[in-house]
Amino acid sequence: MTYRKFPPALTRDQLREIQAARRGDPDVRRLLEEIARLRKHLRQAEYVYRVWIVERKAGALSCAETHLAELRQEPCVMEAKADHEAHKLLTGPARKPQEMP
């Protein structure tokens, strides 16, 4: 049995069904808007991968840099960076493994 941290991803049609069933609920509307925004990032990431790695088109690096700049402004990315920095402050600088004599 395969362990999954999350259930299978929802399709666009499934999200529309949820929207139709919960029309008028502002919390559900806000969550669906956030899902739509994050789905846009996934489509952009797939596009960047395709034009840079698969098709090797000119200008792909610029496209990748633009997308990366957008991702760096995402709350979850900024939170993860802050968590990482806080962890480094608490644990001190990374140490090199000591060599055996």
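Helix H2 is the element that gives the most to the nonpolar patch, with four residues. I begin with that patch, and I should say at once that the model before us is predicted. The patch covers about 510 Å² of the surface and is made by Tyr 49, Trp 52, Ile 53, Val 54 and Leu 61. One of these residues, Trp 52, is found in helix H2. Its relative accessibility is 39%, so Trp 52 counts as partly exposed.

Let me now set this in the overall fold. The protein has four helices and zero strands. Along the sequence, the pattern reads α-α-α-α. The protein has 101 residues, and 10% of them count as buried.

I turn next to charge on the surface. Which residues gather in a patch of positive charge? They are Arg 12, Arg 16, Lys 40 and Arg 43. Two elements, helix H1 (12-21) and helix H2 (26-54), each give two or more residues to this positive patch. Arg 16 belongs to helix H1. With a relative accessible area of 48%, Arg 16 is partly exposed, because the partly exposed class runs between 20% and 50%.

The salt bridges come next. How many salt bridges does the structure hold? The total is nine. As general background, side chains of opposite charge can pair when their charged atoms come close. I shall discuss some of these pairs, beginning with those around Glu 34.

Glu 34 lies in helix H2. Its salt-bridge partner is Arg 30, and the closest N and O atoms of the pair are 3.8 Å apart. Both Glu 34 and Arg 30 lie in helix H2, four residues apart, which is about one turn of the helix. The side chain of Glu 34 also makes a polar contact with the side chain of Arg 37, at 2.8 Å. Is Glu 34 buried or partly exposed? The relative accessibility of Glu 34 is 23%, and Glu 34 therefore counts as partly exposed, since buried would require a value under 20%. There is also a wider arrangement here: a network of salt bridges links Arg 30, Glu 34, Arg 37 and Glu 74.

A second group of pairs involves Arg 50. Glu 46 forms a salt bridge with Arg 50, and the closest N and O atoms are 3.3 Å apart. About one helical turn separates Glu 46 from Arg 50, because the two are four residues apart in helix H2. Arg 50 also meets Glu 55 in a salt bridge between their side chains, at 3.7 Å from N to O. As for accessibility, Glu 46 is partly exposed at 42%. Arg 50 is likewise partly exposed, with a relative accessible area of 29%. Glu 55 is partly exposed too, at 34%.

I now move to the loop between H2 and helix H3 (60-72), where Arg 56 is found. What is notable in the backbone of Arg 56? Arg 56 has a positive phi of about 50°, although it is not a glycine. For context, most residues other than glycine have a negative phi. The relative accessibility of Arg 56 is 64%, so this residue counts as exposed.

My last residue is His 67, which has its place in helix H3. Is His 67 buried or exposed? At 8% relative accessibility, His 67 counts as buried, because that value is under 20%. His 67 and Val 48 are 19 residues apart in sequence, yet their C-alpha atoms are 8.0 Å apart in space.

To close, I return to helix H2. This helix gives four residues to the nonpolar patch, and it is among the elements that give two or more residues to the positive patch. Helix H2 also holds both Glu 34 and Arg 30, which form a salt bridge, as well as Glu 46 and Arg 50.

Note on methods:
Residues are numbered from 1 along each chain as its sequence is written. This is a predicted model: local features need pLDDT of at least 70, side-chain atom pairs count only at pLDDT 80 or more; totals for chains, interfaces and linings use all residues. Side-chain values use heavy atoms; hydrogens and water are left out. Patches are made of residues with over 30% relative accessible area and no salt bridge: like charges are joined within 9 Å, nonpolar side chains (Val, Leu, Ile, Met, Phe, Trp, Tyr) within 5 Å. Accessible areas come from the Shrake-Rupley method with a 1.4 Å probe; for residues, only the protein chains shown count as cover. A salt bridge is a side-chain nitrogen of Lys or Arg within 4 Å of a carboxyl oxygen of Asp or Glu. Lys and Arg count as positive and Asp and Glu as negative; His and the chain ends are not counted. The place of a charge is taken as NZ of Lys, CZ of Arg, CG of Asp or CD of Glu. Buried means under 20% relative accessible area, exposed over 50%, partly exposed in between (1.4 Å probe, protein chains only). A polar contact is a pair of N or O atoms within 3.5 Å; within protein, one must be able to donate a hydrogen and the other to accept it, and residues adjacent in sequence count only if both atoms are side-chain atoms.
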